[in-house]
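Here are a few exercises to work through with the viewer open. Try each one yourself before reading the solution.

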Amino acid sequence: MTVPRQPTPPDLPGAHEPGRDGGRTEDRRHMIRRRWLTATIIVLLIGIPAGYLVISANQSRNSGRDKEDKYSATGLTEGWPSKVQRRLYDVPIPPYSAEVAYYETNNWRTSRLYVQFLTSNEGLDKFLEQVGTDSGKLKPKDITISKRDQNVVGWEFTGPGPWSGLTHEQKDPVPTLDVVVDRANARHPMVYVVSTTTP
């Protein structure tokens, strides 16, 4: 008479080990699949942002080169004049202005600062107020910056506009400002300034 085989109690060693029928192979496949999935996720989490950073850096560099080429062709320097220059020439550029560029010339008789910036209507009003005038003094179609000064920095006031301008004369040695405003964008005027001072 044969005695029936008793099942292994669950708390004995070997109770949870995989059998010889291929259970261990199934676990290995699962482990390989899990590792492959983890590696793929890591590559995606690191690779995609890194790719965006490279693309963004290249676009930024190319944009910078384009601006540099654009301004170097006119003699203008991209960026803001120093605080000292802005104070000496009485050109208080409004905060948050864009497309700011400048050029300075000096000789024994006169010094000039050429500045351009894109601002808001409020920024333009504040700028004019700070230099001692107001937007009511801007005359339509009055290009107050001379052809000579336009040629120095390559400005061409030939677009559709509307254009307006004013000359704010002050007693020496306080600078005289010639201002031209392009309102092609009604909300964001482009402002051109030539500040001339005689020592």
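**Exercise 1.** Which residue in E7 does Leu177 stand opposite?

*Solution.* Keep in mind that this is a predicted model. Start with the strands: E6 covers residues 176-182 and E7 covers residues 190-197. The two run antiparallel and are joined by seven bridges. Now find Leu177, and look across to E7: the residue opposite is Ser195.

**Exercise 2.** Work out the order of the strands in the sheet, then find the edges.

*Solution.* Begin with the inventory: the protein chain has four helices and seven strands. Along the sequence they come as α-β-α-β-β-α-β-α-β-β-β. In space, the seven strands line up as E1-E2-E3-E7-E6-E5-E4, with antiparallel pairing, and the sheet is open. Strand E1 (77-78) and strand E4 (139-140) each have a single partner strand, so they stand at the edges with one side lacking a neighbour in the sheet.

**Exercise 3.** Follow Gly165 across the sheet and name its partners on E4 and E6.

*Solution.* Take the E4 side to begin with. E4 and E5 pair antiparallel over two bridges, and Lys139 is the residue standing opposite Gly165. Then turn to the E6 side. Here E5 and E6 are antiparallel too, over six bridges, and Val180 is the bridge partner of Gly165. To finish, check how covered the strand is: E5 spans residues 163-168, and five of its six residues are buried.

**Exercise 4.** Is Arg112 buried or exposed, and what does it touch?

*Solution.* Place the residue: Arg112 sits in strand E3, residues 111-118. Next, take its relative accessible area, 18%. The cut-off for buried is under 20%, so Arg112 counts as buried. For polar partners, look at Thr110: its side chain makes a polar contact of 3.5 Å with the side chain of Arg112. Last, skip the neighbours within four places in sequence and list the contacts of Arg112: Tyr89, Tyr103, Glu104, Thr105, Arg148, Asp149, Val194, Ser195 and Thr196. Ser195 should ring a bell, as the residue opposite Leu177 from the opening exercise.

**Exercise 5.** What share of the protein chain is buried, and how much area does the chain expose?

*Solution.* The chain has 199 residues, of which 30% count as buried. The exposed area is about 14,100 Å², with carbon and sulfur atoms supplying 55% of it. As a final step, look at the contacts with a separation of 6 or more: 52% of them are between residues 24 or more positions apart.

Technical notes. Residues are numbered from 1 along each chain as its sequence is written. This is a predicted model: local features need pLDDT of at least 70, side-chain atom pairs count only at pLDDT 80 or more; totals for chains, interfaces and linings use all residues. Side-chain values use heavy atoms; hydrogens and water are left out. Two strands pair if DSSP finds at least two bridges between them. Buried means under 20% relative accessible area, exposed over 50%, partly exposed in between (1.4 Å probe, protein chains only). A polar contact is a pair of N or O atoms within 3.5 Å; within protein, one must be able to donate a hydrogen and the other to accept it, and residues adjacent in sequence count only if both atoms are side-chain atoms. Contact means heavy atoms within 4.5 Å. Accessible areas come from the Shrake-Rupley method with a 1.4 Å probe; for residues, only the protein chains shown count as cover.
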